[in-house]
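Please open the model in your viewer and keep the sequence panel beside it, since each stop on this tour begins with a selection.

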Amino acid sequence: MKKTIQRTVALVITVVFLYFIYSRIDLHLFYKNLTNINLTYLFWALSLFPIIPIIKTYRWRIILGSDYNSSYFTVLKVLMAGSVFNLFAPSKLGDFSRVYFCKKELSRDTKRIFNSVIVEKLCDVLALCLICLISLYFVEVKYSIKFSILIFSLILFSVIFLITTLDFHKFKLLNDLFQKVKLIEIFDDARKLKKEIKHNKVFFSMIFGITILYWYIVLFQIYLFFLIFNLNASLILVVSLVPVALFIGMIPITISGIGTRDLALIFLFSGYFPSEIMAGIGILCSSRYLVSCLMGLPFFLMHYFTESNYQENN
């Protein structure tokens, strides 16, 4: 019942944001832009979709470590099946559904699976912040936007620094809390994984290097979205401002960030491109979740029917 209420609220907020956006743009011009897209750039943008999960799978396999010596395809199956839930879950929290799929495909010991997803999220935030800050140095944007991004990035860096450096096991309150909610084993494994990353610089360098590559490919794909609408957009401008919209889209108040991310794109690029075109780019950014879901659906169904057959035979 509680989850149903949360989803309903998220849906209502999403509709409100979309109504706010589309009631304030020229719908005729918006439709005209949609019908005049560049199909060549659309093809190249679509061609990047299969590459993105391949890179994510390689990174996740490294984070899992040698204890999970499964084949690349097995890890890919789990990752793709879990991506289906990102279409509905806020902040890409659907990635944590991998814990469920791993019970059959990889291991019933789900502690490292859960913590590996957290490591992924932390690396994503850190990499996206760095890319954004470095790119901002080379472009001219409003001082208020640049200052806001700087403060926001410093806050995120501070949070990540605290998470990765503090030994939370020294805090009795946290230990008692995790013991109470029966997550103490995950808490202990998080400490172990943190030590592994801290004492193995090559391990961290590989994970973070792949994360940087992953986000540059994602941002390049979004840059192609600008070219699809025949915009003379600068790659460095897109790379510097789009991460902010992606972060705003991660705020868990709408479905898959739809509405909040669109509004952020319109605001951030208001001095460069018309709102009607940015609304179209917002749709393409949201379509990334839909395409990812459709790509993961065969793997999800594969797991579902395998599980059903297993239960019937037992």
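Begin with the whole chain of this predicted model: of the contacts in the protein chain with a separation of 6 or more, 73% are accounted for by residues 24 or more positions apart. Colouring by secondary structure shows 14 helices and 0 strands, and 45% of the 314 residues in the protein chain are buried. With the surface switched on, the accessible area of the protein chain comes to about 17,100 Å², of which carbon and sulfur atoms hold 69%.

Next, select Arg59 together with Glu120 and show their side chains, which meet in a salt bridge at 3.9 Å, N to O. Because Arg59 lies in helix H4 (residues 51–64) and Glu120 in helix H7 (residues 111–136), this pair ties together parts that are 61 residues apart in sequence.

Keep Arg59 selected and add Asp124, whose side chain meets that of Arg59 in a salt bridge at 2.7 Å, N to O. This pair also links distant parts of the chain, with Arg59 in helix H4 and Asp124 in helix H7, 65 residues apart. Through shared partners, the salt bridges join Arg59, Glu120 and Asp124 into one network. Are these residues buried or exposed? Arg59 and Glu120 are buried, and Asp124 is buried as well.

Finally, return to the surface and select Tyr143, Phe147, Leu150, Ile151, Leu154, Ile155, Val159 and Ile163, which form a nonpolar patch with about 740 Å² of accessible area together. Within this selection, Phe147 lies in helix H8 (residues 143–165) and is partly exposed, with a relative accessible area of 43%.

Methods. Residues numbered from 1 in each chain as written. Predicted model: local features only at pLDDT ≥ 70, side-chain atom pairs only at ≥ 80, totals over all residues. Heavy atoms only, no water. Patch = residues over 30% accessible without salt bridge, like charges linked within 9 Å, V, L, I, M, F, W, Y side chains within 5 Å. Areas by Shrake-Rupley, 256 points an atom, 1.4 Å probe, with all protein chains shown as cover. Salt bridge = Lys/Arg side-chain N within 4 Å of Asp/Glu carboxyl O. Helix = DSSP H or I, 4+ residues; strand = E, 2+ residues; numbered from the N terminus. Buried < 20%, exposed > 50% of the residue type's maximum accessible area, 1.4 Å probe, protein only. Contact = heavy atoms within 4.5 Å.
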